[in-house]
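This report looks first at the overall fold and then at the contacts made by aromatic rings.

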Amino acid sequence: MHRSFELFKERIEEGSDGRIAMKLFPNGVFGGDRELTEAIQLDNIQLSAPSSSPLAAFSPSMNVWDIPYLFDDREHAYNVLDGEYGTALLTRLEDVRLKGLGYWENGFRNLTSHRTGITSPEDVRGVKIRTLENTTQIRAWRAVGASATPMAFTEVYTGLQQGTIDAQENPLPLIVAQKFYEVQEALVMSNHVYTPSPLILSKAFFDRLPHDLQDLVEAVGAESVAYCREQSVIDEEEAFRTIEDAGLEITELDDDQRAEFGDLMKGAAVPFVRGLLGDEQVDDLDTAVEAAR
């Protein structure tokens, strides 16, 4: 993501002939996703790419991306995100003073655990899994018998090390960046949730721009989406090799095993999202997902 912000900075300053200047503040200096989003609403900062899960607290429609086993693969996800349905959800962000420029990639989430031999929901029964503070994902993990334990991201390594939690789930590059493989025994390539990271801009800032610079911002946003996704694939491949070299037991779930997890997890998540957003929005999602296959 940082490389993608660097690309955005280069393109926006070059394309605007210096009329827009951009300064990067990496490594969470302004806080986590919630704090960043609030700051963008206030136009105190202008640009960020939070995970869709915490963004759902500001725009509830973003909860749909937390439904497990929604997408078959990356291309399937891109077709939905970049299509009419995904674009409509970005437009809804304007209701909360945010301008959505596209979906950067956080990636498919996978499970690491102290427990080895995980191939079925029965194998995670009673396992304390750190989850995001997201009701959709908490309900999904509880549906397979796991003890879903919300915890701040910064506390996960210590929690795994001390046994406060048994497992965690994240995209592979984040697993490697935080060195969770040092305190885990197994990786399960569950690919249970694809989490996008919407690239959001202060709507107040965007509205102040002349039309030519608005067009430039949207064009650079689209270019950065493609670049971020390319980089994500590279990072994921490198992260997998790092975890493999660390000696973890790696399990690739087959289609039947994924379906067993998916039936239970979706069975818990979808009714909750329907209750939150209404039938129409979830039915439209189902239509978009099927049409994109």
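How many helices and strands are there in the chain? In this predicted model, the chain contains 12 helices and 7 strands.

The C-alpha trace spans about 55 × 40 × 30 Å along its principal axes, and the radius of gyration of 19 Å agrees with the value near 19 Å expected for a compact globule of 293 residues. Of these 293 residues, 53% are buried, and among contacts with a separation of 6 or more, 73% join residues 24 or more positions apart. The accessible surface of the chain amounts to about 13,100 Å², with 46% of it belonging to carbon and sulfur atoms.

Turning to the rings, the structure holds 8 aromatic pairs. One of them is formed by Trp65 and Tyr103, whose ring centres are 5.8 Å apart and whose planes stand at 85°, so the pair is edge-to-face. Because Trp65 lies in the loop between helix H3 (52-55) and helix H4 (74-81), while Tyr103 belongs to strand S2 (residues 98-113), this pair ties together parts that are 38 residues apart in sequence. Both Trp65 and Tyr103 are buried, and ring pairs link these two residues with Phe71, Tyr85, Phe108 and Tyr194 into a cluster.

Charged side chains also lie over aromatic rings, as the following table sets out for Lys99 and Arg229.

| Charged residue | Aromatic residue | Distance to ring centre |
|---|---|---|
| Lys99 | Phe206 | 4.6 Å |
| Arg229 | Tyr78 | 4.2 Å |

In the first row, the charged end of Lys99 sits over the ring of Phe206; in the second, Arg229 lies over the face of Tyr78.

Definitions and conventions:
Residues numbered from 1 in each chain as written. Predicted model: local features only at pLDDT ≥ 70, side-chain atom pairs only at ≥ 80, totals over all residues. Heavy atoms only, no water. Phe/Tyr/Trp six-rings, centres within 6.5 Å; stacked < 30°, edge-to-face > 60°. Helix = DSSP H or I, 4+ residues; strand = E, 2+ residues; numbered from the N terminus. Buried < 20%, exposed > 50% of the residue type's maximum accessible area, 1.4 Å probe, protein only. Lys NZ or Arg CZ within 6 Å of the ring centre and 35° of its normal. Rg over C-alpha atoms; globule rule 2.2 N^0.38 Å. Contact = heavy atoms within 4.5 Å. Areas by Shrake-Rupley, 256 points an atom, 1.4 Å probe, with all protein chains shown as cover.
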